[in-house]
Amino acid sequence: MEDLLFCSRYPFTRKAKECAERIGIGLSSSVIEKAEKRLREAAVEGRIRKVAEIPEAMREELAVYATCRMIISSASSRYLIGRYAVAEAKRAREYLDSDELSKPENIDAVAEDLGLAFEKAEDGFLLPFWLYLPFTPRSLDYKLSNRQLAAGKVLVKRSERRRIIEEAVRIRIESSLPIKADFPKEIQEAGKRILGILPKLEASALRLDERDYPPCIRKLLEDLAMNANVPHIGRVALAIYLVNAGLSDDKIVDFFRHAPDFSEKITRYQVEHVRAKKYRMASCSTMDSWGLCVADCRCGNPLNYKESVHGKRLKAEGKKVE
Amino acid sequence: MAGEAMGKEEAHVRKLFSKYYSENKIAMPSAHMREFGFGGWDKKIEFRHIAVPGEAELMAKLALEAPLYVSYSVAYYQFPSARPMVRKGWRGADLVFDLDAPEHSCGKFTCQECLDKVKQDAIKLIEDFLLPDFGFSKSELSANFSGGRGYHVHVKSQAVEQLDRSARREIADYIAGTGLDFDRLFWEDGKKLFGPKPSDGGYGGKFAREYLRRLDDEEFAQQISRKLSKPEEKARLKSAIQQGNWDNIGIANRKRKLREKFEEMRLTLAGRIDANVTADITKLIRMPNSLHGGSGLCAKSIPSLKLDGFEPMRDAQAFRQGSLKIKAAESIPEVPGIVPEKMPAGKIAEVPQAQAAYLLCKKAAVLAD
Ligand SMILES: [Zn+2]
């Protein structure tokens, strides 16, 4: 029972995998249906709902998890896999947070399963830096320069330990997918259905907080985020825009990070170059001649665009903004 | 370069290099998994994507072709000669650090001061960062003179072999103190100021230890507070800092003073290591103990990390026999260890082979015949 509880909460662990193999997984229509639901929640809402922790449901959870992996492998979209991994990691994080109070040994077990050798210290945990670096966000809080590092180990707080585990879960799931296999017909069909939600998702994939990015810039950012290849001239225009819009080099480089041929060194060099040369933003008509203009927003220059002014006009005139 | 007739200076240098490579056996572990790059008279990397079956074949190739620069990939590949890069099958990479002499008026003939400075930086990298903070063992580290005006430190450790660019950049950033937010080390609670303990890791601990050490210096102590001229006050402050309590004596402008002191101490290697080199997981870097075509010196590895007594101009010479008659093509300064006295432009002299090679490679002299 204890084992089952652990395994249904943390189905990505080796222990859970063994447990699932012991139980044996049937591909009932109910399991497939629940797996599809889990995938949809993950893709659309970015989270996965918890189920009641009663033995039958927990046993089924294991089957559902394994089925999710098959369906998403069959669908085989990098984008969906990415979103799914994020949602699974978030689900695990919720359990980690509650286990911290009631069953801290579960956290030790998950960490160990992921190969994260945390060592108990006086005021937190110690983690070797080579395990710390791959699983921490690039932020000032986690920046190694701001951390206590000695004898190869970084001191992390209790709550940070869970954050690091969450990221390790995400990476384990993402890097283990897709599974290459011939899937049964039911799985393939479910895979196709899941792929069906993709276009809708992609359209809203990059809901930018910066609402005042003009349509042409938004399109370039979306293409980059969707791993689409953006032509060189488009990248240059984007870099010039973002520099002029007042973003830092780091932030700009981050936008390019998803490009298929991303090179940190080259991108950084180019952005710095744009900044140093003080390039001016191309006008709308120049953007158009480069094939980068996507909407008649009449702002003259992308830098003049204001959602409140030009966005309304586009809407009023019924122009399509891609 | 291909197609162009080789100048007689280049021909002479190549002959010396070829002899060196046929007479010296250079260790090159995992040679079959590395990409090599060779350079010529005008370009440090002229050919790359070169693969060799092993150390012996590499040495034969070097003796035969006598490249003026030899670099190898920090990465281990399944197919080192494949192109484009993604086909090489990256298997991991050593972690490397590149330290170069600072920009200085000495220019082409790096002065002793600059050479000493970069040597101290290399020592600091090893003694203050790689050993204590990153916890590498001495056996995982090796250091060599770059052959030019700096040093390379290589880390061979399974622990870091798989780290990607961004993790490696974090390591370089830590060493350079990039992104270090000094204010995070301290926090106030009413009148009290709390901060790092000397036993802490990272920059907090470094700062606390150095601060305690410097409090013994009267001038330093006076700059903090006049009260510290009383021995009992100083003792009180010192024992408080041991516990992470940074102000129990009422110091004026304490946070500003601490920041100033931190900057004065130069605990980081800011601007002294090239973070791009460390982050580059496909970097080609000078092969230790190979010859440098810009100086005729050897990129000598320094046994047991004993940089202290190492004098590159003296200890990295590769040609210790014979002499050669050369003509100074420009005014040449004295360079301790290798050019014993100044040579005005146009002067012809018979000089030791190492000095001749040095000046020919620097393109500061030509053969005098
Ligand atoms: Zn100098």
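Metal donors here are N, O and S atoms within 2.8 Å of the metal (3.2 Å for Na, K and Ca), and sites may look incomplete because water is not among the atoms. With that in hand, the donors of the zinc ion follow the spacing H-x1-C-x4-C-x2-C along the chain. Please keep in mind that this is a predicted model, where local features need pLDDT of at least 70, side-chain atom pairs count only at pLDDT 80 or more, and totals for chains, interfaces and linings use all residues. Residues are numbered from 1 along each chain as its sequence is written, chains are lettered from A and ligands numbered from 1 in the order in which they are written, and side-chain values use heavy atoms, leaving out hydrogens and water.

**The zinc site**

- Coordination of the zinc ion comes from B:His104 through ND1 and from B:Cys106, B:Cys111 and B:Cys114 through SG, at 1.9 to 2.3 Å.
- The arrangement is tetrahedral because the four donor atoms subtend angles of 100 to 117°; the term applies to four donors if all angles lie between 85 and 135 degrees.
- For comparison, ideal angles at a metal are 109.5 degrees for four tetrahedral donors.
- B:Cys106 has a relative accessible area of 19%, so this residue is buried (buried is under 20%, exposed over 50%, partly exposed in between, with a 1.4 Å probe and protein chains only).

**Around B:Thr268**

- You will find B:Thr268 in the loop between helix 9 (254-265) and helix 10 (275-279) of chain B; helices (H or I, at least four residues) and strands (E, at least two) are DSSP runs, numbered from the N terminus.
- B:Thr268 is buried, at a relative accessible area of 18%.
- Its side chain reaches the backbone nitrogen of B:Ala270 at 3.1 Å.
- Leaving aside residues up to four places away in sequence, B:Thr268 touches B:Lys124, B:Phe129, B:Ile175, B:Ala176, B:Gly177 and B:Tyr203, where contact means heavy atoms within 4.5 Å.

**Backbone points to check by eye**

- In chain A, the peptide bond from A:Leu177 to A:Pro178 is cis, with omega near -5°, and A:Pro178 sits in the loop between helix 8 (158-175) and helix 9 (185-196).
- B:Ala66 has a positive phi, near 45°, although this residue is not glycine.
- The loop between helix 2 (55-65) and strand 3 (69-73) of chain B holds B:Ala66, which is buried with a relative accessible area of 4%.
- B:Asn253, another residue other than glycine, has a positive phi near 50°.
- B:Asn253 lies in the loop between helix 8 (231-242) and helix 9 of chain B, and is partly exposed, with a relative accessible area of 48%.

Methods. Polar contact = N/O pair within 3.5 Å; in protein donor to acceptor, adjacent residues only side chain to side chain. Tetrahedral: all angles 85-135°; square planar, octahedral: opposite > 155°, others 65-115°.
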